[in-house]
Amino acid sequence: MQKQIKYFNTYEIKDLKDMLLKTVARNSNKVAFKIKTDDGKIVNKTFKEFKEDVEGLATKLIKMNLKNKRIAIMGKNSYSWAISYLSATIIGVVVPIDKESTDGNVVDFINKSRAEALIADDKYLKRIKLLEKDLTNEITFLSTEKKSKKYLNIFSLIDERKRNDFKWK
C-alpha cells in the first residue's frame, strides 16, 4: 500500500509585494522575526509589524524620489536588511552588494548599476563615503542603524511615515 503524501495548500503570488500582503493576511499576528536588542533582550516582530515597516520605508523612499530607481543594499543579514531589501524591490530595483566585496568592486557595482541610493550599516557607508569622488552618480546614503549619528537612518523614516499614517492600497 502506497503512503499518502500530504502537500501544503499553496496560493499564487504575482510579485514580492503580493507575497508580503498575502502572507500577512494569513499570519498577521504570528511572529516573523526575533530580534536581539543592544541590551540583549529579544523582541518579537509579527508579520503585520514587518509589513508596516516595509510599507513605511517604501513610502518614504518614494517621497525621496527613489521610485523605479536602483537602490543598492549592503550589510549583514538582519531585520533592517530584510526591510530595506523588500522595500527597494517593491518600489524600484534592488542592487544587492556583498558586504565582503572590495571597495573597488562596491564602487564598480554602484556605478555600473547606476544606483541612486545606498542602504547599509554605518561601517559600510563610512567606507563608501570615503570613495564618493569615484562614484559617477550622486548617492543618497541611508543607514540601517537606529543610533546612526552621521546618516539618515531607515527607522526614523519608518517612524515618520507611521506618524503620517499613510497606508498602501
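The backbone oxygen of Ser 80 sits 2.8 Å from a polar atom in the side chain of Ser 84. That is a handy place to start looking around this predicted model. Ser 84 belongs to helix α3, and how buried or exposed is Ser 84? With a relative accessibility of 0%, Ser 84 counts as buried. Setting aside neighbours within four places in sequence, the contacts of Ser 84 are Leu 57, Ile 73, Ile 119, Thr 144 and Ile 154.

**The overall layout**

Stepping back, the protein chain has 6 helices and 7 strands. Read from the N terminus, their order is α-β-β-α-β-α-β-α-β-α-β-β-α. The C-alpha trace spans about 70 × 40 × 35 Å along its principal axes. The chain has 169 residues, of which 41% count as buried. If you take the contacts with a sequence separation of 6 or more, 55% of them join residues 24 or more positions apart. As for the outside, the chain exposes about 10,900 Å², and carbon and sulfur atoms supply 51% of that.

**Two nonpolar cores**

The largest nonpolar core holds 24 residues, and the members that touch the most others are Phe 50, Leu 57, Leu 61, Ile 71, Ile 83 and Ile 119. Which elements supply at least two residues each? They are α1, α2 (47-63), β3, α3 (79-91), β5 and α6 (154-164). Helix α3 gives the largest share of this core, with 6 residues.

Phe 50 makes a good vantage point here. Beyond its neighbours within four places in sequence, Phe 50 is in contact with Leu 20, Phe 33, Tyr 79, Ala 82, Ile 83 and Leu 86. There is also a second, separate core of 18 residues, with Met 74, Val 106, Tyr 124 and Phe 141 among them.

**Val 94 on strand β4**

Val 94 lies in β4, the strand covering residues 93-97. Its relative accessibility is 17%, and Val 94 counts as buried because the limit for that is under 20%. Once neighbours within four places in sequence are left out, Val 94 is in contact with Ile 71, Ile 73, Tyr 85, Ala 88 and Thr 89. Val 94 and Lys 69 are 25 residues apart in sequence, while their C-alpha atoms are 8.5 Å apart in space.

**Helix α5 and its two sides**

Now for α5, which runs over residues 122-129 and has Asp 122, Tyr 124, Leu 125 and Ile 128 buried. Why do these residues line one face of the helix? Viewed down the axis of α5, the buried residues fall within an arc of 160°, so they line one face. The general rule behind such patterns is that an α-helix has 3.6 residues a turn, so residues three or four places apart point the same way. Lys 123 and Lys 126 are on the other side of α5, and both are exposed.

What do the buried residues of α5 pack against? Their partners are β3 (70-74), α4 (103-113), β5 (117-120) and β6 (140-143). One of those buried residues, Tyr 124, is also listed in the second nonpolar core.

**Salt bridges**

Side chains of opposite charge can pair when their charged atoms come close. How many salt bridges does a search of the whole structure find? It finds 11, including the three in this table.

| Salt bridge | Closest N and O atoms |
|---|---|
| Lys 22 and Asp 18 | 3.1 Å |
| Glu 132 and Lys 129 | 3.1 Å |
| Lys 133 and Asp 134 | 3.7 Å |

Take the Lys 22 and Asp 18 pair. Both residues lie in helix α1 (residues 16-27), 4 residues apart, which is about one turn of the helix. Lys 22 is partly exposed, at 30% relative accessible area, whereas Asp 18 counts as buried at 13%.

In the Glu 132 and Lys 129 pair, Glu 132 is partly exposed with a relative accessible area of 33%, and Lys 129 counts as partly exposed at 35%. As for the remaining pair in the table, Lys 133 is exposed, with a relative accessible area of 67%, while Asp 134 counts as partly exposed at 39%.

Note on methods
Residues numbered from 1 in each chain as written. Predicted model: local features only at pLDDT ≥ 70, side-chain atom pairs only at ≥ 80, totals over all residues. Heavy atoms only, no water. Buried < 20%, exposed > 50% of the residue type's maximum accessible area, 1.4 Å probe, protein only. Arc of directions from axis to C-beta. Contact = heavy atoms within 4.5 Å. Salt bridge = Lys/Arg side-chain N within 4 Å of Asp/Glu carboxyl O. Core = buried A, V, L, I, M, F, W, Y, C linked by side-chain atoms within 4.5 Å. Areas by Shrake-Rupley, 256 points an atom, 1.4 Å probe, with all protein chains shown as cover. Polar contact = N/O pair within 3.5 Å; in protein donor to acceptor, adjacent residues only side chain to side chain.
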